[in-house]
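Here is my note on the model you sent, set out as numbered points that can be read beside the sequence and the coordinates.

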Amino acid sequence: MKEPNDVILKTAAKIAAIIILTFSIHLFLSGHHNPGGGFIGGLAFVAAVVLLYLVHGIEKVQRNIPVNFKKIAGLGVLISVFTGVKGMMDGHPFLNQTFGIVDLPILGKTETATAVLFDVGVALAVIGASLTIILSISDDR
Amino acid sequence: MIEWILFFSLFFLALSILAIIYRLVVGPTAPGRVQALEALGINLIAGVAIFSVWLRSTAFFEVILLFGILSFIGTVALTRYIERGIVIERKQSD
C-alpha cells in the first residue's frame, strides 16, 4: 500500500485549529448573557483537539500535550461541586451565586460573576470526559 | 420582493435537502454517502444564513460557524476511515 500524502490536510488543520480554539474561548466567555457557556465551549475545544488527533496521530499529540484527560474530568467536577458547596457554607442554598462590577486593567468596568467558576468546572469536565471517550473508542489495539 | 426571493431559495434548499437525504439513505457507495453528508451540512448552513437575512438578525452567525466546524471535522474523520480503515492512528508517519 502506497504512503498516503495528506499535506493539504495538515496545512488546513493548522489554520482551522487556531480558528476553532478562538471560537471556543468566545463561546465560553459569552455564556453568561448570550448563547454559549461551559458545556458548548468545552465541546468546541474538544473538536479542535480531535482535529489535531486526526491529523497528527495519537503519539505526537500526547507527546506535545502530556495531560491525563481522566484527571482533567475529575478536577472539573471537583471545581463545580466546590463552587456549589461554597454558597452553602454561608447559609445560602446550594449553587447560590453572586456578581459584582470590578475594574479590570484592559477591559475597564466588567461584570464578574461567580458562575464563571462553575462554568470553568463544567468545561474541564466536558473536555476530559469527551476526549477520554473518543480516545477509548478509536483505540485500535 | 426580497422576501419572495428568500422564500423561494428556502423552498429550493428544502427540495435539495430531500434529494440529499435520498442519496444518504439509499446511496449505494460509502463515498457517496460521505459526500451527501457534507452537502447536507452546506445546505443547512445556507438555510440558516437565508433565515438570518430574513429576520435581519446576527444571532445565528455562531450557529453557522459551529456547523461549518463540525461538518469539516466529520468529513475529515469519515474520509480518513474510508481511506485507511481507522479514524485516529496511533503512530503517524511524517
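1. Once its neighbours within four places in sequence are set aside, S24(A) is in contact with G41(A), A44(A) and F45(A). The residue sits in helix α1 of chain A, and because its relative accessibility is 4%, under the 20% limit, S24(A) counts as buried. Please keep in mind here and below that this is a predicted model.

2. The helix that carries S24(A) covers residues 7-29 of chain A and has 23 residues, with 34 Å between its first C-alpha and its last, which is close to the 33 Å expected at 1.5 Å a residue. There is nevertheless a bend of about 25 degrees in α1(A), placed at A13(A), and A13(A) is itself listed among the buried residues of this helix. The others in that list are L9(A), K10(A), A16(A), A17(A), I20(A), F23(A), S24(A) and L27(A).

3. What do the buried residues of α1(A) pack against? Their partners come from both chains, namely α2 (38-56) of chain A together with α3 (61-84) of chain B. Seen from the other side, the cover over the buried residues of α3(B) includes α1 and α2 of chain A, together with α2 of chain B.

4. For α3(B), the 24 residues should span 34 Å at 1.5 Å a residue, and the end C-alpha atoms are 35 Å apart, so the two values agree. The buried residues of α3(B) are L66(B), I69(B), S71(B), I73(B), V76(B), A77(B), R80(B) and R84(B); a colleague reading the side chains may wish to note that two arginines, R80(B) and R84(B), are in this list.

5. Two backbone angles around α3(B) deserve a look. Just after the helix, G85(B) takes a positive phi of about 95 degrees. In the loop between α2 (30-55) and α3 of chain B lies R56(B), which has a positive phi of about 50 degrees although it is not a glycine. Most residues other than glycine have a negative phi. R56(B) is exposed, because its relative accessible area of 67% is over the 50% limit.

6. Elsewhere in chain B, W4(B) lies in helix α1 (residues 2-26). Is this tryptophan, W4(B), buried or exposed? With a relative accessible area of 56%, W4(B) is exposed. Its C-alpha atom is separated by 17 Å from that of L15(B), a residue 11 places apart from W4(B) along the chain.

7. The largest pocket holds about 360 Å³ of space. Of the 14 residues that line it, the closest to its centre are L29(A), H32(A), T110(A), E111(A) and V116(A). At least two lining residues are supplied by each of α1, β2 (108-113) and α5 (115-138) of chain A, and the lining divides into seven nonpolar, five polar and two charged residues.

8. The second largest pocket holds about 280 Å³ of space and is lined by 13 residues, of which T83(A), N96(A), Q97(A), T98(A) and T114(A) lie nearest its centre. The elements that give two or more residues to this lining are α4 (69-89) and α5 of chain A. Its residues divide into four nonpolar, seven polar and two charged.

9. One of the residues nearest the centre of the second largest pocket, Q97(A), is found in the loop between α4 and β1 (99-104) of chain A. Its relative accessible area is 45%, and Q97(A) is therefore partly exposed, a class that lies between the limits of 20% and 50%. Not counting residues up to four places away in sequence, Q97(A) touches H32(A), A113(A), T114(A) and A115(A); among these, H32(A) is also one of the residues closest to the centre of the largest pocket. By contrast, Q97(A) and E59(A), which are 38 residues apart in sequence, are 42 Å apart in space, C-alpha to C-alpha.

10. Lastly, G121(A) lies in helix α5 of chain A and is buried, with a relative accessible area of 0%. Leaving aside neighbours within four places in sequence, G121(A) is in contact with G76(A), V77(A), I79(A) and S80(A). The C-alpha atoms of G121(A) and V50(A), 71 residues apart along the chain, are separated by 20 Å.

Conventions:
Residues numbered from 1 in each chain as written. Chains lettered and ligands numbered in written order. Predicted model: local features only at pLDDT ≥ 70, side-chain atom pairs only at ≥ 80, totals over all residues. Heavy atoms only, no water. Helix = DSSP H or I, 4+ residues; strand = E, 2+ residues; numbered from the N terminus. Expected span 1.5 Å × (residues − 1). Bend = angle between axes of the 7 residues up to and from the residue. Buried < 20%, exposed > 50% of the residue type's maximum accessible area, 1.4 Å probe, protein only. Contact = heavy atoms within 4.5 Å. 1 Å grid on protein atoms, 1.4 Å probe; cavity = no way out; pocket = protein on both sides within 12 Å on 5 of 7 lines; lining within 4 Å. Points joined across faces, edges and corners; volume = space filled by probe spheres on them. Nonpolar A, V, L, I, M, F, W, Y, C, P; charged D, E, K, R; others polar.
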